[in-house]
Structures are given as C-alpha cells and as structure tokens.
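Please open the structure in a viewer and keep the selection tool at hand. The tour below proceeds from one selection to the next.

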Amino acid sequence: MSTEFLMGNEAIALGALDAGVNVVTGYPGTPSSEILETVARRREKENPDVYVEWSVNEKAALEVAAGAAYAGARTLVTMKQVGLNVASDPLMSLAYVGVKGGMVIVSADDPGPISSQTEQDTRTFAAFAHLPVFDPSSPEEAYRMIGDAFALSEQYGTPVLFRPTTRVCHGCAPVERTDKPLRNTPEGFVRDPARWVIFPRASYLNHIKLANRERELDEKFSAYPLNTAENTAGGRRAIACGGISYAYVKEALEQLGAENVPLLRIATPYPFPEQLTSAFLRDKDEILVAEELDPVIERALLLCCGRAHLPVTVRGKLDGTMPQAGENSVEQLRTAIAAFLGLPAPKAENRAEPPALPVRPPVLCAGCPHRASFYAVKRAMKELGQKAYFCGDIGCYTLGNAAPLDMVDTCLCMGADVTIAQGLRRVEKDAVCFSFIGDSTFFASGMTGVVNAVYNGTDIVLTVLDNSTTAMTGHQPHPGTGRTMMGEMTAKLSIERVLEALGVSSLRIVDPLDQAAAVDAVKAAAGERGVRALIFRSPCIAVTKPNATYTVTDACIGCGKCVRELGCPATVRQGKQVRIDPALCFGCSLCAQYCPTGAIVKKEVR
Amino acid sequence: MEQNRSILLCGVGGQGTVLASKLIAYAAMRGGLEVRTSETIGMAQRGGCVVSHVRVGHHINSPLIPRGSADLLLGFEPAEAVRCLPYLRRGGTAVVSRAPISPVTASLSGSSYNGADMLTYLAEQVENLIILDTEEIIVACGSPRVLNIALLAAAAKTDALGITPDELRAAVRERLPEKFHALNLGAIDYICRR
Ligand code: SF4
Ligand code: SF4
C-alpha cells in the first residue's frame, strides 16, 4: 500500500489504472477533465500499454470505448453531465447490447451548478438507460469504487455509470493505493452478429434481461459494503443520503451531538438496494433525505415503502422540506436535521453588515484574442448600422456576453450557435445573424450545423474563434492542434479546408489583433449572402508568450474609451487617467489601437 | 494537535490560492495529519472569486468548511476576505493582503474600489487581524508571485497555520520546482525577519 494525496479526479484515474484499464477516452468538461489528463500523465509510469485519447466529442468517446470493450478491453470514458446527453444515443443502445471488457462511464455532475448549463442528474439518467450507477462520497471511495464498477461491469457484461460531483472531483484527500494492481489482456473481438448487431427482436429479449437484472442487482447492492445502514436501532427518525451529502450529514450530526441517529447511505442509487432499505425502514416513522440534484433516493424510498407497506413519512425535495436546486452544505443540513429531530437550531453567527462588495464575474483574460474578435464584429456592425444578432456557444468566449462587449445574445449547448443563428435568420429576415464558435467546439459539434446551413441555403456569418486550444476546461489539445494525448504529433486538421469542403460561400482568415483588417473582413462578410465563414485566428494567451506590455503616457485625456469599450482587466481607471497593470497586460495592443490620443504605447518587449 | 484545523484561502482567479493550499496540505501530511481540501476549478478561475478549503486533523468528514468555523482566513484580496469572513469563527485569525484588485465592473461603472472600506471593516470584525503590506513585500522580493507564500509565512509566524516557518520552508523545497526555491524561501525569510 502506498498513500498519495489525490484530487478526486486523480483518484478515479489511478483507480482505473489499478483496475487494469486498457483504453481511456473522453471529452473535456468541468468538473471531469482532470481524470483523463491524469491517465495521460501517469500511464508511462503506471502502465505504458494504456491507450488514452481526447475524442472529438462524447459520442465518439463512448463509441471508441465500446468498440474496444467489444474486443475485451477494459475501458474508461470521461465526460461531464451534459456530455452524457451527447453520448446518449450510443449509450441507450449499448445498454441493450452490452460489453465484453469492463466499461465504466464517468459522468461528473455539477450541483450548484458551478460550471454547467444544467443541474441534471446522472443517477436519473442511469435509471432511464437501465444502467447501474455508483455515487462516491470522497476521493478515497472513488478510488475503491472504480475497481468495484469494473468488476460489476465485467460480471454482468454491461456498461456501468459512475457519477462523482464537483466536490468529490475537485476535493483532495490522502488515498491508499493497492500494491497489487490488476492487469487485463484483452481477448480480442469474437465475431457474433447476434450479439453485436442491434436488431428489434434482440432488443426485445435484451429489454427483458435488463429488467430482470434489476432485481438481481438489488440483492447484490443490498450487500455492497458501501451501501450502509448505520445505527439502525438509534430511534424512529432516520436520515438517508448519498454522494458528498454523506460527508456533510456526518459532520452535521457530529456538530449536533446526534451521532446515533439511524443513517442510510446509498452508494449505488440504481438499481436501488431495496432489500437493505426495507429492512432499515421497518421500525422507522420518518426519514429525511439529504441529496443534491434530483430526488432519486427520495423516490426510491417512497417506492420501497409502498411495496413493503411501510408507514414511513419520507421528507425531502418532493414535499418541499429540502431545497429543490443548488448544492447542499453542512450548515444547511445541520439546520434541516435539527428541525427534523426537534433539536435546538444552531445559532447563526451574526456580524455587522459588510460594506458593499464589488461583484467579480469571470472575465476574458487580459490580452484574450476573443475580446478583439468580438469587438471587431461589434464595431463593424455599428459602423454599417445594420441589425445583427450574435449567437454564442460554450467556452471561454461565452464570457463575451459581459459588459462592455455584450456580444452574446444566445447560448444553449455545444454547437448550437451555428444552428440557432439559422433559425433566427428564418424569422429575422433583415438581420445579419452571426454565430461564434471556438475551434474545439467546431470539431466537437459545429460541422454538421454548417452542413445544415449550406444545404438549406441559410444566410449566416459563421465566425470561428480559433485560439488553438480548448481554453475553458484547461487547454486540452484537439484535432486542430496536431498533438494527441499519447504525446504524439499528428496531422493538424485545417478548419479552412474543412469549411471549403463543406461549401461555404466565402472564407476569410484574419488576425483579430489587427483590428482594421478584422473590421473590414466583417463588413465584407456582412454584405454577402450564403454561409460566409470568418476565421479569427490568434492563440489563447495561455498557450503563447507575451511579446510586449503596453503603458499609458501623459497624453491620456481620461476619456475612458479603452476601459468602457473593451473591458480588458489590465486597464484600470486611476483618478483622471487610465493605468495599465503591467503584471496583467499581455501586450495584445487592442487598447492602443483605439486610444484617440495615442496615449497607449508599447513599453517593453519581452 | 487535538482539534481539527480549518483554513480558508480566498482570492481572485490567478492569484495562486491553489498552490498555497497544496503547500499547507503537504506540510500537514508530512506531520502525520489527515488532510482534506477542496478547490475552485473552472470558469471562476478567469478573474472570478476563488476559494480553497483546507481541513487538517485526525478525523475529517466534509471537505468544505462550514460557515463560522474556519480557524484561519487567508485573504489574498481585501474584498474577497470580507466576502468569506462569514466562514471565520469567532476568535479566529485572518491574514489579509492590503492590495485591492479592482474588478472590471468597477472600472466600467467608474465607481472606485480601493479596498480601504474593506480593511476598516475587517479591523472592526476580526480580533486577530494581520494585514500584509503587499506592495512593499513585492518590491523587496522582486516579484508579484510571492503573495501566496508571504501570506503563508505570515500565518506560520503566528500559531494559526499549525505549521512552523521551518516546516513551510521544507514544503517549498520538497514541493516546488528548484528554480522557484530562492524566490519563495527569500519571501519566507523576509516575512520572518519583520
Ligand atoms: S495591450 Fe491593452 S488590451 Fe491588450 S492586454 Fe494590454 S492592456 Fe489589455
Ligand atoms: S484562457 Fe485563453 S481563451 Fe480563455 S479567456 Fe483566457 S485568453 Fe481567452
């Protein structure tokens, strides 16, 4: 045994490596991205035979892994919860077809949400897809459960879902690793069309199998050591919980001096361990459910009580006792539990009202080329005096919505900028409809939208913000970068050649930091019909080196235009003038290009 | 150490809170203690508010510190320290950098934010408050990158961190790449001499 201080995502990665994983695929998404990165970083030392890739999107990741699992490989697929929507087409069918090698699909949920579009719950998805799901409460448990998930997957020949939440993914703890890691040698693909080719008749039979498996798994999970019934004789009022809420509940109970309250902890929410639960509920009057996102445990308890005719009152989200949305916390659970148990409410510490706090929304970095791209479009359309709409997408460039740029009118999901713009255009016949898509998103899910526009002859301006990386999630490589996660160099896919092949009506490639050229290009594109592509090409500041910094001379008349129009975080008002913070300025020159008195000058070349 | 110790680090994305929390965790683990931490990773790292929770002791459940129970607050920025003050317990210690970071929104609206109100409020509210003269330290050490280690050193000088300056030095030597040793050890020495 060796102990390492690991982030939950690292623990998941090492758990998979120690369980003999052969193939790891995924698509970046907070809070899941570090899992695959850890595999890539550690595989050389741990097990050089492991193959790892960032796939082009979650659907591709799942399918690549499925193929490998058909051939007997142990596979791990990683994504965030909304990525599971993208992967749901193959997933729903794969649940019927099954796998040979163990397959664990990590879909990280994000209560809050902290960095996501939705608060959807992978546990609900698991029930929908008829797939078992594990729900760890800490990095240590995540490490252990990954091994259990692989074993279960192979035993039942089914993909298994694994859903950590942000606080497990991004929490760190000492994790004890086994010194006897498993290794798996894939048997190879064995042709068997009756098994690997999905057909209605086979699906009917498989559906029956899935339903029957549920009962079998209930029994198995009722005996799973991480599904626990604690203090069963501790009274008639109990608490149920799962995931990170288990840690919160434990702490809240300690603080309330109520450690002896009966506690049911569910680590496998689907199929639900009903036998364990019914036995636990037998002598209870009331149970309070602490869980985040959907009332999954709560519903299962109600079902359980119904089936076993147990007169237990179930309190949770469904009856309005617990909050419907957002994260749980020790404090909030402590209050809810105290009320439930009839204990005195812990008193809140009240301090004097603080002074008004500055709001601090996330912003595009100083020197971010997206700022220049958005501003060029904004300026061009203002100068043309034409009505325009701006459809955005998921990535750092979603931050183009903030003042002063205010350049994102819509944002829905990955790839939707291209297609929402088309729908808007069908109604708004006199508006120029722009779509903004990043390079990674373009490859992930933008291309089919472009085909749709070309095919249907819809007029849009497709703006590709090509900064040569997947910036928001931590700068992962993608098909346009020429690097793979195996550390190999590979052919760079050319966005312009893809667009040409798709048949866009015009194509312009500009450096957004050259504002005059960029504004001209936007104006020219705006004046045309068809699918006009504009590629704004300039690297993210995180993957390049600054070449200069800029400074403000005494010629500054304090008009504030740079601050007001561009909002670069390096520019700050100082008294009657503006100052540039030298530690932040990346030397993009954008502000200098718009200063009416030429007061912003290049200072030092780095 | 009998009791668990909870340390909250807060600042603005890009200020180095994560590295600081890693150093505390490492030093504590070296001392044989259990550690749990929790970090802000994602969109907030682009100049938003970031918070790291560090909990050290013998038996820790939650990776997040409940409000009103942090023993130590390391504020990398005055307003962020105020924002997170509800986490600090009565009688806890706060070590706060004097240098304000103006959010883009303040610059835009022309409203000035200079951190002074925040420091006054902190002085009224916190029994054990240490304000760090950040600008001076940066000039003396020759780099703005020393803010995080300076905050740690200032906390280590008191008992609040649960780690001595020497343990901090060891953590720097063992955890950071060699090229950063001189700068960070220099900053610890500078703070300890004061
Ligand atoms: S040159 Fe101007 S706009 Fe560009 S990073 Fe520096 S201050 Fe910001
Ligand atoms: S990380 Fe890169 S893409 Fe994201 S805001 Fe910063 S410069 Fe822009």
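Select chain A and chain B together and look at where they meet: about 4,400 Å² is buried between them, and carbon and sulfur atoms give 60% of that area. The size of an interface is often given as the accessible area lost when the parts come together. The model shown here is predicted.

Next, restrict the selection to the residues in contact. On one side there are 55 residues of chain A, and they touch 47 residues of chain B. Within chain A, pick out F5(A), R351(A) and R360(A); these lose the most area to chain B, and together they account for 19% of what the chain A side buries.

Now hide chain B and display chain A as a cartoon. How many helices and strands does chain A have? Its secondary structure comes to 21 helices and 22 strands. The C-alpha atoms fill a box of roughly 80 × 70 × 50 Å along the principal axes. The radius of gyration of chain A is 27 Å, which agrees with the value near 25 Å that a compact globule of 606 residues would have.

Keep chain A selected and consider its interior. Buried residues make up 58% of the 606 residues. Of the contacts in chain A between residues at least 6 apart in sequence, 79% join residues at least 24 apart.

Switch chain A to a surface display. The accessible surface comes to about 23,900 Å², and 54% of it belongs to carbon and sulfur atoms. Colouring by charge brings up 61 positive and 67 negative side chains, with the centres of the two sets 4 Å apart.

Turn now to chain B and hide chain A. Chain B contains eight helices and six strands. Tracing the sequence from its start, the viewer meets them in the pattern β-α-β-β-β-α-β-α-α-β-α-α-α-α. The globule rule gives 16 Å for 194 residues and chain B has a radius of gyration of 16 Å, so chain B is as compact as a globular protein of that length. Along the principal axes, the C-alpha trace of chain B spans about 50 × 35 × 35 Å.

What share of the residues in chain B is buried? The figure is 59% of 194 residues. Among contacts in chain B with a separation of 6 or more, 62% are between residues 24 or more positions apart.

Finally, show the surface of chain B. It comes to about 7,600 Å², with 50% belonging to carbon and sulfur atoms. Chain B carries 19 positive and 18 negative side chains, and the centres of these two sets lie 5 Å apart.

Notes: Residues numbered from 1 in each chain as written. Chains lettered and ligands numbered in written order. Heavy atoms only, no water. Helix = DSSP H or I, 4+ residues; strand = E, 2+ residues; numbered from the N terminus. Rg over C-alpha atoms; globule rule 2.2 N^0.38 Å. Buried < 20%, exposed > 50% of the residue type's maximum accessible area, 1.4 Å probe, protein only. Contact = heavy atoms within 4.5 Å. Areas by Shrake-Rupley, 256 points an atom, 1.4 Å probe, with all protein chains shown as cover. Lys, Arg positive; Asp, Glu negative; His and termini not counted. Charge placed at Lys NZ, Arg CZ, Asp CG, Glu CD. Buried area = accessible area lost by both parts, 1.4 Å probe.
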